[in-house]
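Colleague: I should like to go through this model with you, one question at a time. Please give your reasoning before each result.

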Amino acid sequence: MTWKILPLQTSGPLFEGAIRVYADAFAQPPYSDPDRGREVRSRMRDVHGKRQGFQAFAAVEEDGSVVGMIYGYHGVRGQWWHDMVSRKLDRPLAEKWLGDPCELVEVAVLPARQGEGIGAALIDCLLHGRSEATCVLSTRTDSGAHHLYRRLGFEEIIEMSFATGGAMFYVMGKELR
């Protein structure tokens with residue numbers, strides 16, 4: 001392993017490196033959205049970074065270059081993603097998975113570095129010591145990310161779309177205690 005995981009603040013060179021990694025990863029199919037980095041930058045700084053339990057990390061090479069990033073926070077009723085998923089689940093399932101969740105919001109690894117264990121290490125780092133009962137996330141069904149999540153113990157809760165006629169996503173969860 002030539003990289004290490006460091007805490008990620010929502011400003012500075014490490015943050016900008018993480019945003020570049022995110023933009024590179026999501027410029028690839030099935031997302032094919034090279035402008036997504038701008039959106040995640042503002043969400044992290046202006047919205048998500050202010051939420052309870054927010055944590056972010058970067059996988060950084062010895063030379064200081066960022067090769068991966070992740071962030072999440074404590075999910076609560078009243079947040080868009082939390083409420084969208086909750087409406088699709090029956091009450092007992094919603095309470096089990098969304099009653100006390102850590103929401104893994106974004107994880108990205110440079111395309112050339114995927115498959116080296118960076119994503120798994122970032123997820124382990126984010127989840128280490130969390131107080132929540134569960135970790136939940138969503139990932140497109142046509143991306144390969146769900147294979148990684150399943151290997152790490154996540155299970156599929158529901159398959160859904162967040163927009164009429166939009167891409168399908170797996171909502172996945174893992175019990176933390």
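The exchange below treats the sheet, the cores, the aromatic pairs and some single residues of this predicted model.

Colleague: In what order do the 7 strands of the open sheet lie?

Modeller: The sheet is open and its pairing is mixed. From one strand to the next, the twist averages 25 degrees. The edge strands, which pair on one side only, are β1 (3–7) and β6. The order is β1-β2-β3-β4-β5-β7-β6.

Colleague: Which residue of β7 is the bridge partner of E159?

Modeller: Strands β6 and β7 pair over 6 bridges. Their sense is antiparallel. The bridge partner of E159 in β7 is Y170.

Colleague: Which residue of β7 is the bridge partner of L137?

Modeller: Strands β5 and β7 run antiparallel and are joined by 7 bridges. For L137, the partner in β7 is M172.

Colleague: Which residue takes a positive phi in the hairpin of β6 and β7?

Modeller: This hairpin has 6 residues between its strands. A phi near 75 degrees, with positive sign, is found there at G165.

Colleague: What angle does the direction of α3 make with that of β6?

Modeller: Helix α3 packs on the sheet, where it touches β4, β5, β6 and β7. Helix α1 (residues 13–26) also packs on the sheet, touching β1, β2, β3 and β4, and its direction makes about 80 degrees with that of β4. For α3 and β6, the angle is about 95 degrees.

Colleague: Why is helix α5 described as largely enclosed by the rest of the structure?

Modeller: A residue counts as buried under 20% relative accessible area. In α5, the residues that meet this criterion are I118, G119, A120, L122, I123, L126 and L127. Helix α5 is therefore largely enclosed, since its buried residues number 7 of the 10.

Colleague: Which residue takes a positive phi just after α5?

Modeller: The helix spans residues 118–127. Just after α5, a positive phi of about 75 degrees is taken by G129.

Colleague: Which element gives the most residues to the largest nonpolar core?

Modeller: This core has 23 residues, and those with the most contacts inside it are I70, L104, I118, L122, I123, Y149 and F154. At least two residues each come from β2 (55–61), β3 (66–74), β4 (101–109), α5, β5 (134–140), α6 (145–151) and β7. With 6 residues, the element that gives the most is α5.

Colleague: Which residues of α5 are in contact with I70?

Modeller: Neighbours within four places in sequence are left aside. The contacts of I70 then include Q55, A56, F57, L104, E106 and V107. From α5, the contacts are L122, I123 and L126.

Colleague: How many residues does the second, separate core have?

Modeller: Among its members are Y31, V40, M44 and V60. Its size is 20 residues.

Colleague: Are the rings of W80 and F162 stacked or tilted?

Modeller: The structure holds 7 aromatic pairs. In the pair of W80 and F162, the ring centres are 5.6 Å apart and the planes stand at 35 degrees. Stacked planes would be under 30 degrees apart and edge-to-face planes over 60, so this pair is tilted.

Colleague: How many residues apart in the chain are W80 and F162?

Modeller: W80 belongs to helix α3 (residues 80–88), whereas F162 lies in the loop between β6 (155–161) and β7 (168–175). W80 is exposed at 53% relative accessible area, while F162 is buried at 15%. Ring pairs also link W80 and F162 with W81 and F169 into a cluster. The separation of W80 and F162 in the chain is 82 residues.

Colleague: Over which ring does the charged end of R140 sit?

Modeller: The charged end lies 5.1 Å from the ring centre. R150 is likewise placed over a face, that of Y170, at 5.1 Å from the ring centre. The ring beneath R140 belongs to Y31.

Colleague: Is Q79 buried or exposed?

Modeller: Q79 is found in the loop between β3 and α3. Not counting residues up to four places away in sequence, Q79 touches R51, Y73, H74 and E103. Its relative accessibility is 9%, and the limit for burial is 20%, so Q79 is buried.

Colleague: How far apart in space are L6 and L122, C-alpha to C-alpha?

Modeller: L6 lies in strand β1 and is partly exposed, at 28% relative accessibility. In sequence, L6 and L122 are 116 residues apart. In space, their C-alpha distance is 9.6 Å.

Notes
Residues numbered from 1 in each chain as written. Predicted model: local features only at pLDDT ≥ 70, side-chain atom pairs only at ≥ 80, totals over all residues. Heavy atoms only, no water. Buried < 20%, exposed > 50% of the residue type's maximum accessible area, 1.4 Å probe, protein only. Helix = DSSP H or I, 4+ residues; strand = E, 2+ residues; numbered from the N terminus. Phe/Tyr/Trp six-rings, centres within 6.5 Å; stacked < 30°, edge-to-face > 60°. Lys NZ or Arg CZ within 6 Å of the ring centre and 35° of its normal. Core = buried A, V, L, I, M, F, W, Y, C linked by side-chain atoms within 4.5 Å. Contact = heavy atoms within 4.5 Å. Pairing = 2+ DSSP bridges. Axes fitted to C-alpha atoms, helices over the stretch in contact; angles between N-to-C directions.
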